[in-house]
Amino acid sequence: MHLARFPRIFLAHLPTPLERLERLSRELGGPDIWIKRDDCTGLSTGGNKTRKLEFLMAEAVAQGADTIITQGATQSNHTRQTAAFAAKLGIACYILLEDRTGSNDPNYNSNGNVLLDHLHGATTEKRPGGSDMQAEMEMVADRLRATGRNVYIIPGGGSNPTGALGYANCAYELVGQANDRGLIIDHLVTATGSAGTQAGLITGLKAINAQIPLSGMGVRAPKDKQEESVFNLAERTAEKLGCPGVVKRDDVVADCSYVGAGYGVPGPDTLEAIAIFAKLEGILLDPVYSGKAAAGLIDYCRKGRFKAGEQVVFLHTGGSAALFGYDAVISKALATATVG
């Protein structure tokens with residue numbers, strides 16, 4: 001891989017830790033579970049988007065941008081990290097927040113990531129669920145360009161070939177850490193939504209012939225749609241990296257069985273996963289991405305899909321700030337939790 005030839009602003013706290021989850025492994029009685037702590041990347045409580053933004057914001061700066069526009073759901077981790085990165089660089093940030101859940105909870109609509117968006121100085125505008133968010137961003141960009149702004153648009157989740165470079169690099173980083181520990185990874189698990197994290201990982205893993213199976217736990221789209229989205233982005237990322245064709249369709253695996261009632265709506269299994277990680281390992285998950293991915297991980301262990309003696313790495317995409325937008329739901333779950 002030739003990542004050094006791409007513009008990059010080195011702000012993430014890397015490498016992120018790779019830790020064994022001893023109590024969780026004992027609790028589930030199956031494989032040894034490890035966690036790749038991409039909740040520790042820095043910048044406003046961290047998260048996976050910071051890796052992507054190192055490349056995206058470098059491209060924006062190279063193009064002379066003075067204004068960033070991006071979009072996400074109300075409790076978007078991506079918009080929070082984008083706002084923080086823009087603040088660090090002294091660039092204006094405009095965020096469009098799509099109402100995907102229809103929640104009227106004041107905390108959901110103004111606390112958590114939304115609070116941090118504003119604290120970092122971003123301007124936010126709301127859009128109804130189902131809006132064409134790319135078109136909405138283009139309209140705002142036209143409005144700002146008419147006033148003389150040089151605008152750079154970042155897609156939702158930072159998920160394009162430039163952003164996915166961050167996770168091609170993460171794949172290389174993870175394999176290096178595993179080699180240093182003599183750890184043979186049998187399975188890698190992470191959340192998959194806007195596709196950039198999974199696409200970057202699978203491209204990086206295949207480019208270095210790591211032979212590590214990657215399972216993306218879907219948080220929104222049906223399986224076929226999610227896998228096709230990831231594969232298409234992986235193909236474009238591989239072309240950008242100079243290794244076209246390295247990713248095959250069969251390399252892309254998404255399990256969308258843990259989406260539950262819909263995007264941003266945590267079900268009982270997600271809430272249980274949040275409680276388990278917090279009470280056994282002191283690790284905070286979020287109700288939208290990492291919590292649903294962890295629910296899948298736990299279920300795979302309980303059903304024997306991940307077997308005793310196997311080494312499983314869970315890539316934690318961050319997002320704990322969103323917990324404060326879901327306080328009523330989390331509190332109710334804690335009242336019935338039996339873990340620990």
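Q: In this predicted model, which residue of S8 does Ala-191 stand opposite?
A: Strand S7 comprises residues 187–192, and strand S8 comprises residues 214–218. The two strands run parallel and are joined by 5 bridges. Within this pairing, the residue of S8 that stands opposite Ala-191 is Met-217.

Q: What is the handedness of the β-α-β crossover from S7 to S8?
A: On leaving S7, the chain passes through helix H8, residues 196–207, before it reaches S8. This β-α-β crossover is right-handed.

Q: Which residue of S10 is the bridge partner of Thr-190?
A: S7 is also joined to strand S10, residues 311–316, by 4 bridges. S7 and S10 run parallel. In S10, the bridge partner of Thr-190 is Leu-315.

Q: How many of the 6 residues of strand S7 are buried?
A: A residue counts as buried when its relative accessible area is under 20%. Strand S7 is largely enclosed by the rest of the structure, because the number of its residues that are buried is 6 of the 6.

Q: Is Ser-76 buried or exposed?
A: The unreviewed UniProt entry lists Ser-76 under "active site". Ser-76 lies in the loop between strand S3 (67–73) and helix H3 (77–89). The cut-off for a buried residue is under 20% relative accessible area. Ser-76 has 6% relative accessibility and therefore counts as buried.

Q: Which residues lining the largest pocket are the closest to its centre?
A: The largest pocket has a volume of about 450 Å³. Its lining is formed by 21 residues. Of these, the closest to the centre are Gln-71, Arg-100, Gly-156, Ser-194 and Arg-220.

Q: Which element gives the most to the lining of the largest pocket?
A: The elements that give two or more residues to this lining are S3, H3 and helix H6 (133–145). With 3 residues, the element that gives the most is S3.

Q: How many residues of the lining of the largest pocket are polar?
A: The lining residues divide into three classes. The nonpolar class has 6 residues and the charged class has 4. The number of polar residues is 11.

Q: How far apart are the end C-alpha atoms over residues 10–318?
A: In the unreviewed UniProt entry, the annotation "domain: Tryptophan synthase beta chain-like PALP" covers residues 10–318. Over these residues the chain is 45% helix and 17% strand. The distance between the end C-alpha atoms is 19 Å.

Terms used: Residues numbered from 1 in each chain as written. Predicted model: local features only at pLDDT ≥ 70, side-chain atom pairs only at ≥ 80, totals over all residues. Heavy atoms only, no water. Buried < 20%, exposed > 50% of the residue type's maximum accessible area, 1.4 Å probe, protein only. Pairing = 2+ DSSP bridges. Right-handed = clockwise from strand over helix to strand, strands pointing away. UniProt positions renumbered as here; feature names shortened; annotations may be inferred. 1 Å grid on protein atoms, 1.4 Å probe; cavity = no way out; pocket = protein on both sides within 12 Å on 5 of 7 lines; lining within 4 Å. Points joined across faces, edges and corners; volume = space filled by probe spheres on them. Nonpolar A, V, L, I, M, F, W, Y, C, P; charged D, E, K, R; others polar.
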